[in-house]
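Subject: A structure for you to explore

Hello,

Here is the structure I promised to pass on to you. Please open it beside this email and follow along as you read.

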Amino acid sequence: MKDIIQSLIDIEKNDANQIAIKHNDETLTYSDLSRYSNKCADMISNTTKPVVIYGHMSPFMIVGMIGAIKAGCGYVPIDTSIPQDRIDAIIRKVNPEYIINTTNQDDMFQNLNLINVKAIVNYKEVDYFESRMRAKDIAYIIFTSGSTGEPKGVQIAYDSLNEFIDWMVKLNQLGDKQQWLNQAPFSFDLSVMAIYPCLATSGTLNLVDKAMINKPKLLNEMLLESSINVWVSTPSFMEMCLMLPTLEENKYSSLKEFFFCGEVLAHRTAKMLKQKFPSAYIYNTYGPTEATVAVTSILINDEILNTYNPLPVGEARPETVLSLSDNQELIITGNAISKGYLSDPEKTNEVFKIINDRRNYYTGDKASYRDGYWFINGRLDFQIKLNGYRMEIEEIEFQLRQSQLIRDAVVIPNYRENKVTHINAVVIKADHIVGNEDEQQLIHDIKSELKQHLPDYMIPKRLMFTDRLPLTNNGKLDRKQIAEDFA
C-alpha cells in the first residue's frame, strides 16, 4: 500500500501542472503543493509537537497538513468558525510550538510562533524533504465535542490514514484526475474523505466555503464553473443543495459520484437524489472520528431503496471488524481505531479497549445486522425518558419524515430541572403544501398519521413550522440552535 506522501511525489513527477486545490480564484498545482509543503516541513522540522493549522478553506491549510506530515509531527486543524474559548482549550491541550495561520487575523494567538502564508511562500527553496512520518506516528488530531464541554482530541495514526485512503480510492469508480467537492471545514473529519482520496488520485479539490453555503447563488455559480465529478458532504448539506435549479443530471452531467457521511442519510433524500441523478454512484458511509472517518459503505441503488427504509450503512471495510455489545452498542475493532484522546487517559479508557492486541472503540451508537448489512439505530445518548417511558427521539423523527406532509423534521426534548417534561417537533412542510394553509388542520393530520405508528406518549406536544433548519459549521443539523430558536 503506497502512502499519501509517496503518491504525491509520483503525481508531481507525472502531473506537476495539474491543479491540486481550488478555492474561488486561488489555485495550487501539484508542483506548488510539493514546493510549498517542502518549505513548510523545513520550517517546522525542529519540533515533535503537532502543528496547529488555522483558517477556513485556504489551500495553504492543505500545504500545512502535507508539510506537517512530512516533518513527522502531524497537525491539528482549527476552523475560523470555532469560538475563541474553544481555540484556547485546544491550544492548552496541544501546547504547540508552531501555528500556521492562513488568515489575516493573529490577535487570538498570543506569545506563539506564527507562520503565515507569506512566510511560507518567501522561505528558501527546499528541493526535496524526505518524509519523517512513520506508520505508527500521529498524522492528525481532530477535536470533537466532549460531554463535559471540554473538546477531545482524537489522534489518528499515519497507517490508519493510509488504510482509509486506500479503501476510498478503491470505492471511487471514476478513476484519476476527477474534480472533487469538499463541503466540510478541515476541523471536521469528513474533509479527510475528500482531501486525501482526491490528492492520491491526482484530482482537483474544489473547496466550498461558508459564504457559498450561506448564499446558494454563490454555490450554484461555483458548481456551474467547476464541473464537479465527485461530491463529498453531509446529507444535510445535500438536502439544501437539492433545491438548486441546476442540480440534476440533465443539467449537470459531470456529477457522477456521491459520498455521504457524518449523519443519517434519509431514505427520502437518497431517493430524490437517485431520481435526479439516475446514473450516478451514491455511497452511504458510516463512521466516527475515532475510527478514521468511515468504516462501512453501501452503494445505494433502486433495489436498496425499494427494500430498506431506513437505509443500511452497508458492510465493514477491509481490516475492520464490527460487533455488538449486550445492549446493542456498536464496537469497532481494527487498525482504523484512534490511539485515544490527546492527554486524556480517563476518557480514553472509557471507550477504547485493547482486546487480543487489537484496538476496540465503543461507539455509543445502537446498531443491528441483517441481510449482510449494518444498520445504525440511533444514539444511546439520544435516548430519553418521559413519564417513565424510555424512547428514542430519532425514531420519532423517522416517522415524521415518512409523512407526505413533511420534508424534514427535528424533535426537541423540553427539559425542566434536568428532567424531560414533554417533546416538541420543528417541521418543514412538504413542497406541495402552499403558503400558510390551515396549520391547525395540518398539525391534526400529521399527528393522526403519527398515531398509526407510535404510542401516544411519543407524539410531540407541539408542532412548529419553519422554512429552513440551521446547519452547524460542519454541515450537520444544528440541534442546539434549533432548540434555542424554538424554546
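**A proline in a loop, and its surroundings**

Let us start with Pro-470, which sits in the loop that runs between β25 (462-465) and α16 (479-485). Before going on, please keep in mind that this is a predicted model.

Is Pro-470 buried, exposed or partly exposed? Its relative accessible area is 25%, so Pro-470 is partly exposed. Leaving out residues up to four places away in sequence, Pro-470 touches Lys-476, Leu-477, Asp-478, Gln-481, Ile-482 and Asp-485. If you pick out Ile-53, which is 417 residues away along the chain, you will find 27 Å between its C-alpha atom and that of Pro-470.

One of the residues touched by Pro-470 is Gln-481. Gln-481 belongs to helix α16 and is partly exposed, with a relative accessible area of 30%. The C-alpha atoms of Gln-481 and Leu-305 are 32 Å apart, and their positions lie 176 residues apart along the chain.

**Helix α1 and its two sides**

Next, please turn to helix α1 (residues 4-14). Which of its residues are buried? They are Ile-4, Ile-5, Ser-7, Leu-8 and Ile-11. Looking down the axis of α1, you would see these buried residues fall within an arc of 155 degrees, so they line one face of the helix. The face turned away from that buried side carries Lys-13 and Asn-14, which are exposed.

What do the buried residues of α1 pack against? Their partners are α2 (30-43), α3, α6 and α7.

The pairing of α1 with α7 can be described in detail. These helices pack at an angle of about 45 degrees, and their axes are 9 Å apart. That angle makes α1 oblique to α7. On the α1 side the meeting residues are Ile-4, Ser-7, Leu-8 and Ile-11, and on the α7 side they are Tyr-196, Leu-199 and Ala-200. Sorted by class, this contact has 6 nonpolar residues, 1 polar residue and no charged ones.

**Helix α7 meets α6**

Helix α7 (residues 190-200) also packs with helix α6 (residues 158-171), here at an angle of about 75 degrees and with the axes 9 Å apart. How should we describe that angle? Angles from 65 to 115 degrees count as roughly perpendicular. That makes α6 roughly perpendicular to α7. From α6, the contact uses Leu-161, Phe-164, Ile-165, Met-168 and Val-169, while α7 brings Val-192, Met-193, Tyr-196, Pro-197 and Ala-200. The contact of α6 with α7 has 10 nonpolar residues, with no polar and no charged ones.

**The nonpolar cores**

How many residues are in the largest nonpolar core? It has 83, and those with the most contacts inside it are Leu-33, Ile-44, Ile-62, Tyr-140, Leu-161, Met-193 and Tyr-196. Helix α3 (residues 59-71) gives the most to this core, with 9 residues.

To see one of these residues in its setting, select Leu-33. Setting aside neighbours within four places in sequence, Leu-33 is in contact with Leu-8, Ala-20, Ile-21, Ile-62, Val-63, Ile-66 and Leu-199. Apart from the largest core lies another, of 33 residues, which include Leu-219, Leu-265, Phe-277 and Tyr-308.

**Some backbone details**

Two residues are worth a look for their phi angles. Asn-24, in the loop between β1 (19-23) and β2 (26-29), has phi near 55 degrees, a positive value in a residue other than glycine. Ser-202, in the loop between α7 and β10 (204-207), also has a positive phi without being glycine, with a value near 50 degrees. As for their surroundings, Asn-24 counts as partly exposed at 41% relative accessibility, whereas Ser-202 is buried, with a relative accessible area of 4%.

Where can you find a cis peptide bond? Look at the bond from Asn-309 to Pro-310, where omega is near 10 degrees. Pro-310 has its place in the loop between α12 (302-307) and β15 (315-316).

Last on the tour is Arg-134, placed in the loop between α5 (117-122) and β7 (138-144). Arg-134 is partly exposed, with a relative accessible area of 48%. Its C-alpha atom is 6.8 Å from that of Tyr-158, and the two residues are 24 residues apart along the chain.

Enjoy exploring!

Best wishes

Technical notes:
Residues are numbered from 1 along each chain as its sequence is written. This is a predicted model: local features need pLDDT of at least 70, side-chain atom pairs count only at pLDDT 80 or more; totals for chains, interfaces and linings use all residues. Side-chain values use heavy atoms; hydrogens and water are left out. Axes are lines fitted to C-alpha atoms, for helices over the stretch in contact, and angles run from 0 to 180 degrees between N-to-C directions. Helices (H or I, at least four residues) and strands (E, at least two) are DSSP runs, numbered from the N terminus. Angles under 35 degrees count as roughly parallel, over 145 as roughly antiparallel, 65 to 115 as roughly perpendicular and the rest as oblique. Contact means heavy atoms within 4.5 Å. Ala, Val, Leu, Ile, Met, Phe, Trp, Tyr, Cys and Pro count as nonpolar, Asp, Glu, Lys and Arg as charged, and the others, Gly among them, as polar. A nonpolar core is a set of buried Ala, Val, Leu, Ile, Met, Phe, Trp, Tyr and Cys residues joined through side-chain atoms within 4.5 Å. Buried means under 20% relative accessible area, exposed over 50%, partly exposed in between (1.4 Å probe, protein chains only). The arc is that of the directions from the helix axis to the C-beta atoms.
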